[in-house]
Amino acid sequence: MEPVVAHELLNVEDDSPESVFALYEARGWGDGLPLVPPTPSRVDAMLAHANGDPDEPLVILQPRAGVVTRRVVAINCVLAGCAPEVFPVVLSAIRALAEPEVNLRGVNATTHPVATMVVVHGEAVTRCGFNAGAGAFGPGNRANATVGRAVRLILLHVAGAYPGTGDASTQGQPAKYSFCVAENLSASPWGSYAVSRGVDAASAVTVHCGEGPHNVHDMEALGDPKLILGKLASAMTSLGMNNAPISQGQYFVALGPEHAQSLADAGLTREDIASYLYEHARMPARVFRRHFEELAWDGWMKICDDDVSLPMTGHPDNIRTFVVGGPGKHSCVVPSWGMTRSATLPITG
Amino acid sequence: MTIQIYGPEGAIAPDSAELAATPMELSGLRLVVLDNGKPNAALVMERLATYLGHRAGTELAFVAKKGPGSRSANAAIPCAPDVFDRVVAAADLVLTGTADCGSCTAYSVYDAVQLERTGLPCVVVTTTMFEAVARTMARDFGMPNLRILVLPHPLGGTAPDRLDAWAQAALDDLEALFSPVEGPRSIEDRAADGLR
């Protein structure tokens, strides 16, 4: 692709949030929240944290066929309120969302309320100040909040995922504002999720396009880790999820540190957890068939008799686990939009 | 003091292409229905194809689900390559859809653009509630004047006799979309619908 040089510069009365917000709102830009003015100096400060030509076309985002450059990512990072050091994290998340298996054209256009979960792994978590501990999916941390927001602003502005035209989501969901969390590596009994997927870099980022998190609360009163898994399987078993009719759909299981440790103490690996959930998150084939006219299932599932208990996903490897959070007995499940696969990439500038 | 700030959208790189040539005469042309499996999609498109045949002399060659081997259909991904090739080999005209949700609209429009690129006139069947999405996608995919037929909404859950009436009522529009005289309206003509 040829370098992109045209970047619109607009005159605005002053540097105040009110002036910038008014201008952006009049153009139909933004996510509805106040914006930091993307002045050339602020954008340059962001770009100083990456290598390479700021105007080099990197990837195309669908459906708008928007050209991603470091500069346009930097502009949106400024708008979102990012600190410059997280710029490569956002850039890498956007590269991941452009991977073909993510199916961003469908992710953005669907009536489903799919949001793009970003998980940050490795040394960038502490270096950039991400929260991987208590309340990590929630408010109160600049890196988590603004990286997720910057990704959404890029999906709006560059990918064209404007509600009602490029994003047909019937209801939307809060996670579409911002959906970024960091892996709690120090609390993970199984090491880094990214390394487990073959991405052995100092830092990495995973994107998964799905629903908001579904909480799973097991008090461990009976000291039986099977009960944690039983509740996780229960949360995964729902006819309302797109995982039900689409067998390639993944689940991300975000284990709280205490649940993770209990499962590890019972001798379970990531693969064991996935296999257990695959075996226990099931419904009779006839129930699936009663509810769906078309089932995007693996071939072996289609030929099963009605009485067979079929899994909510076509393969144990579609169930991915990582550790996040602080003290307490909560974990969560993030189901998939369905016709999408997660992607994990090294963080690069 | 006036300052300068960047706009946030950056450049676009649509893979632009022209519509296929529209036939001068419809009589005797083979029409294929490419079904994405949405509820009532095959029903309403088959009715449209049948009524167009009665009026203009087109022939409904077959109805094909868009999944591999036409054994299934998945509306949220492109048409399977083997089905695409089969349609291109057999059709003079294509009716596809239905574009009555988000991802199914994106991929109905995507499939139609790819078919038009091979020289096949292709009408996408959408509904009033998803027309804006369909026209946005057509513009984004480089073919803003794509042939789009708009039916009432919703198709899923609507009784067959009502769908039949909708198909009959849409026949003038369908014939016009395949006609060199009327043709589809441009995106500019539809600017009042609030498109970005």
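Which residue of β1(B) does Leu9(A) stand opposite? That was the question I opened the notebook with, and Tyr6(B) is the residue I found there.

**Entry 1: the strands that meet across the chains**

A reminder to myself before going on: this is a predicted model. I followed Leu9(A) and Tyr6(B) outwards to their strands. β1(A) pairs with strand β1 of chain B, residues 3-6, in the antiparallel sense, and I counted 4 bridges.

**Entry 2: the rest of the interface**

Next I looked up how many residues take part. I found 52 residues of chain A in contact with 38 residues of chain B. The two chains bury about 3,700 Å² between them, and 58% of that is on carbon and sulfur atoms. On the side of chain A, the residues that lose the most area to chain B are Arg64(A), Thr165(A) and Glu294(A), which together make up 18% of what that side buries.

Glu294(A) came up again when I turned to charges. I got a count of 1 salt bridge between chain A and chain B. Glu294(A) forms a salt bridge with Lys65(B), and their closest N and O atoms are 2.7 Å apart. For polar contacts between the two chains, I noted 20 residue pairs, both residues at pLDDT 80 or more.

I then asked which elements of chain A supply this side. Those giving two or more residues are β1 (9-12), α1 (17-27), α2 (40-47), β3 (66-68), α3 (70-80) and α5 (104-109). The largest share, 5 residues, comes from α3(A). Sorted by class, the side of chain A that touches chain B has 26 nonpolar, 15 polar and 11 charged residues.

**Entry 3: salt bridges within the chains**

Over all chains, I have 28 salt bridges in my notes. I picked a few to look at.

The first pick was Glu56(A) with Arg70(A), whose side chains meet in a salt bridge at 3.0 Å, N to O. Glu56(A) sits in the loop between α2 and β2 (59-61) of chain A and Arg70(A) in helix α3, so this pair ties together parts 14 residues apart in sequence. How do the two partners rank by accessibility, buried or partly exposed? Glu56(A) is partly exposed, at 34% relative accessibility, while Arg70(A) is buried, at 8%.

I went on to Arg289(A), which forms a salt bridge with Asp306(A), with 2.7 Å between the closest N and O atoms. Here too the pair links distant parts of the chain: Arg289(A) is in helix α12 (residues 285-291), Asp306(A) is in the loop between α13 (299-302) and β10 (309-311), and they are 17 residues apart. I wrote down both partners as partly exposed, Arg289(A) with a relative accessible area of 26% and Asp306(A) with 36%.

In chain B I checked Arg139(B) and Asp140(B), which form a salt bridge with their closest N and O atoms 3.1 Å apart. Arg139(B) is partly exposed at 30% relative accessibility, whereas Asp140(B) is buried at 5%. Back in chain A, I found that Arg197(A), Asp317(A) and Arg320(A) are joined into one network by salt bridges that share partners.

**Entry 4: buried elements of chain A**

Arg320(A) led me to strand β11 (residues 319-323). I found 5 of its 5 residues buried, so the strand is largely enclosed by the rest of the structure. Ile319(A), Thr321(A) and Val323(A) point one way from β11(A), and Arg320(A) and Phe322(A) the other way. What does β11(A) pair with? Its partner is strand β8 (residues 251-255), in the parallel sense over 5 bridges. Within that pairing, Ala254(A) has Phe322(A) as its bridge partner.

Helix α4 (residues 87-97) was my next stop. There, 10 of the 11 residues are buried, so the helix is largely enclosed as well. The buried residues include Phe87(A), Val90(A), Ile94(A) and Leu97(A).

**Entry 5: a buried aspartate**

My last look-up was Asp218(A), in the loop between β7 (214-217) and α9 (225-236) of chain A. Asp218(A) is buried, with a relative accessible area of 5%. Leaving out residues up to four places away in sequence, I saw that Asp218(A) touches Leu227(A), Ile228(A), Lys231(A), His259(A) and Lys329(A).

Methods:
Residues numbered from 1 in each chain as written. Chains lettered and ligands numbered in written order. Predicted model: local features only at pLDDT ≥ 70, side-chain atom pairs only at ≥ 80, totals over all residues. Heavy atoms only, no water. Contact = heavy atoms within 4.5 Å. Buried area = accessible area lost by both parts, 1.4 Å probe. Salt bridge = Lys/Arg side-chain N within 4 Å of Asp/Glu carboxyl O. Polar contact = N/O pair within 3.5 Å; in protein donor to acceptor, adjacent residues only side chain to side chain. Nonpolar A, V, L, I, M, F, W, Y, C, P; charged D, E, K, R; others polar. Pairing = 2+ DSSP bridges. Buried < 20%, exposed > 50% of the residue type's maximum accessible area, 1.4 Å probe, protein only.
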